[in-house]
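The following exercises concern a single protein model. Each task is followed by a solution in steps.

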Amino acid sequence: MWGVIFGGSFNPPHEGHRKLVDACVKLLGTCFVYLWPLPDHRLSEKPLPRRLWALQQFARRLRYSVIVDADGHSDDSDAFRALIANIRLRGNRPVVLLGSDVLGRGRWSLQMLQQVFDGADLVVGLRPGYEIGAAMVRQ
C-alpha cells in the first residue's frame, strides 16, 4: 500500500488540492493520504490551528483514508524524514505528492529534493504556468 504525503500551506484547501490528490490516488490505486499542513509556511496568512480545522473539514469530503498530520513537527527536513519513517514502519511505501508550482518556484532546496528521491517516490501534478524543466526530472 502507498502512503502519500501531500504538504503545503492549505490556505485554504481548495478544489485544485482535491483534484491533485484524486489523480494521485487513481494513479497509485490503494493508498492512504497524509495531508501535511506546514506550520510556518511563508504563504500562510492564517495561523496553523485555523488552517488545520479547514483541512480536517476538507479531508472529511474525500473518498479515501486521510490523515491530517500536524502534531509536533515543522517544515524542516528532520520532520519530513520522520514522516517517511512512520509510513515505512506501518509497512507502506511512501510517496511525496507535489504540485509543479513547488518545483517551478524553487521552494525546495536540492537537499530536500534528494531526501524525497532517496526516501520516497515522487509524484508531480502539473499546474498551468508552472512547467518543470528536464533537469528537475529524475527517472
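**Exercise 1. Determine which residues of helix 1 are buried and what they pack against.**

Solution. The model is a predicted one. Step 1: a residue counts as buried when its relative accessible area is under 20%. In helix 1, this holds for His17, Leu20, Val21, Asp22, Cys24, Val25 and Leu28. Step 2: these buried residues pack against strand 1, strand 2, helix 2, strand 4 and strand 5. Step 3: the largest nonpolar core has 19 residues, and Val4, Phe6, Val21, Val33, Leu35 and Leu97 touch the most other members. Helix 1 provides the largest share of this core, five residues.

**Exercise 2. Compare the expected span of helix 1 with the separation of its end C-alpha atoms.**

Solution. Step 1: helix 1 has 14 residues, and at 1.5 Å a residue it should span 20 Å. Step 2: the end C-alpha atoms are 20 Å apart, which agrees with the expected span. Step 3: just after the helix, Gly29 takes a positive phi of about 90°.

**Exercise 3. Identify the salt bridges that link Glu15, Arg18 and Asp22, and assess the burial of each residue.**

Solution. Step 1: the side chains of Arg18 and Glu15 meet in a salt bridge, with an N to O distance of 2.3 Å. Arg18 also forms a salt bridge with Asp22, where the closest N and O atoms are 2.1 Å apart. Step 2: Arg18 and Glu15 lie three residues apart in helix 1, while Asp22 and Arg18 are four residues apart, about one helical turn. An α-helix has 3.6 residues a turn, so residues at either spacing point the same way. Step 3: Glu15 is partly exposed at 42% relative accessible area, Arg18 is partly exposed at 24%, and Asp22 is buried at 15%.

**Exercise 4. Establish how strand 4 is placed among its neighbours.**

Solution. Step 1: strand 4 pairs with strand 1 in the parallel sense over five bridges, and Trp2 stands opposite Arg93. Step 2: strand 4 also pairs with strand 5 in the parallel sense over five bridges, with Gly125 as the bridge partner of Gly99. Step 3: six of the seven residues of strand 4 are buried, so the strand is largely enclosed by the rest of the structure. Step 4: Arg93 is partly exposed, at 45% relative accessibility. Arg93 forms a salt bridge with Asp121, the closest N and O atoms being 2.7 Å apart. This pair joins strand 4 to strand 5 across 28 residues of the chain.

Conventions
Residues are numbered from 1 along each chain as its sequence is written. This is a predicted model: local features need pLDDT of at least 70, side-chain atom pairs count only at pLDDT 80 or more; totals for chains, interfaces and linings use all residues. Side-chain values use heavy atoms; hydrogens and water are left out. A nonpolar core is a set of buried Ala, Val, Leu, Ile, Met, Phe, Trp, Tyr and Cys residues joined through side-chain atoms within 4.5 Å. Buried means under 20% relative accessible area, exposed over 50%, partly exposed in between (1.4 Å probe, protein chains only). Helices (H or I, at least four residues) and strands (E, at least two) are DSSP runs, numbered from the N terminus. Two strands pair if DSSP finds at least two bridges between them. The expected span of a helix is 1.5 Å times one less than its number of residues. Contact means heavy atoms within 4.5 Å. A salt bridge is a side-chain nitrogen of Lys or Arg within 4 Å of a carboxyl oxygen of Asp or Glu.
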